[in-house]
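User: I am new to this structure and would like a close look at a single part of it. Please take your time and explain each term as you go.

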Amino acid sequence: SIFIMESLKGKIYDLSLHMYGCRVMQQLITVIDQKYLSQITLELKDHFAKLIEDQNGNHVIQKLIERLDKGENNGIYDVVYSNILELSKHQYGCRVIQTLLKQCNEEQISKLLDEIIKDVKDLSQDQYGNYIIQYILEHNKGAKVNKIFEGLKGNIYEFSLHKYASNVIEKALSFGTEKQRQNIINEILKQDDEMKECLLSMVKDKFGNYVVQKIIEHSDLKTRDNIIKRIESSQSLKRRDGFSKHVINYIEQLTKGNNNNSNSIDKQNKNK
């Protein structure tokens, strides 16, 4: 290890930016003794900002975050925290942020979440920022996540038709609490009451149809029946027309599955 570190001295930054060199650096960081990590960190510390946004360097930074003890990643953390919203919208920066959210101590994570939550609507609609919001919805609980749901409130229909934000709504339905899910579903149904065919617009939309499937999946039986009736009673919905076919097929499979379950229960009762 000493020989390797001596031979790489002064070359660590250049290697970290290199297509193949970055792989060597990642492997080195993975296997090297903890005491040698400080030498690597020292050589890279003035270049963290550049490395975070680099297609090769970001992998080295992530590996470094994973190996450093919690609290020892302060240099990387400070650069990210100072540019959190800009990096959240960056192709490689968003990956580094997710690694920090996984590896940092509670205080650091809390501070990062506070900054991200301020810009939920904007990040949800961003090509890369939506991944940050999705990650938080999947891996965090409590008051911070409640604020994300608050931030999404009033935008569910609009976001459901959005290329990137629709992924956030799907994730919210998959990982939210029962109450959080119900609030999303109620917002859509209320809007459908006020603005006819709001639900149908989602069914026919290339992104919205997936949200509708998630809504049906996570609804209670009464709400599910209500939603299916609204969809099936529409005169304008052609069977298997465009993107609506995905929802129609999903409903048919669901109904078929329910019928099969009912039949199996009947058979069990008869056999008793």
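User: Which residues does Glu-170 touch, not counting residues up to four places away in sequence?

Analyst: This is a predicted model, in which local features need pLDDT of at least 70 and side-chain atom pairs count only at pLDDT 80 or more, while totals for chains, interfaces and linings use all residues. Residues are numbered from 1 along each chain as its sequence is written, and side-chain values use heavy atoms, with hydrogens and water left out.

Glu-170 touches Tyr-210, Val-211 and Lys-214, once residues up to four places away in sequence are set aside; contact here means heavy atoms within 4.5 Å. Glu-170 itself lies in helix α15, which covers residues 165-175, where helices are DSSP runs (H or I, at least four residues) numbered from the N terminus. With a relative accessibility of 18%, Glu-170 counts as buried, a word that stands for under 20% relative accessible area, whereas exposed stands for over 50% and partly exposed for what lies in between (1.4 Å probe, protein chains only).

The partner side of this contact leads to helix α18, residues 208-217, which is largely enclosed by the rest of the structure because seven of its ten residues are buried. Those buried residues are Gly-208, Asn-209, Val-211, Val-212, Gln-213, Ile-215 and Ile-216, and Val-211 is also one of the residues that Glu-170 touches. Ile-215, another buried residue of α18, is 45 residues from Glu-170 in sequence, yet the two are 8.3 Å apart in space, C-alpha to C-alpha.

For another view of how side chains are placed, turn to helix α7. A search of the whole structure finds one aromatic pair, and Tyr-77 and Tyr-81 form that pair, which is stacked, at 5.9 Å centre to centre with 10° between the planes. Rings of Phe, Tyr and Trp (its six-membered ring) pair if their centres lie within 6.5 Å, and planes under 30 degrees apart count as stacked, over 60 as edge-to-face and the rest as tilted. Tyr-77 and Tyr-81 are separated by about one helical turn because they are four residues apart in α7, residues 74-82. An α-helix has 3.6 residues a turn, so residues three or four places apart point the same way. Tyr-77 is buried at 4% relative accessibility, whereas Tyr-81 is partly exposed at 28%. The charged end of Lys-111 sits over the ring of Tyr-81, 4.8 Å from its centre, a description that requires NZ of Lys or CZ of Arg within 6 Å of the ring centre and within 35 degrees of the ring normal.

Methods: Helices (H or I, at least four residues) and strands (E, at least two) are DSSP runs, numbered from the N terminus.
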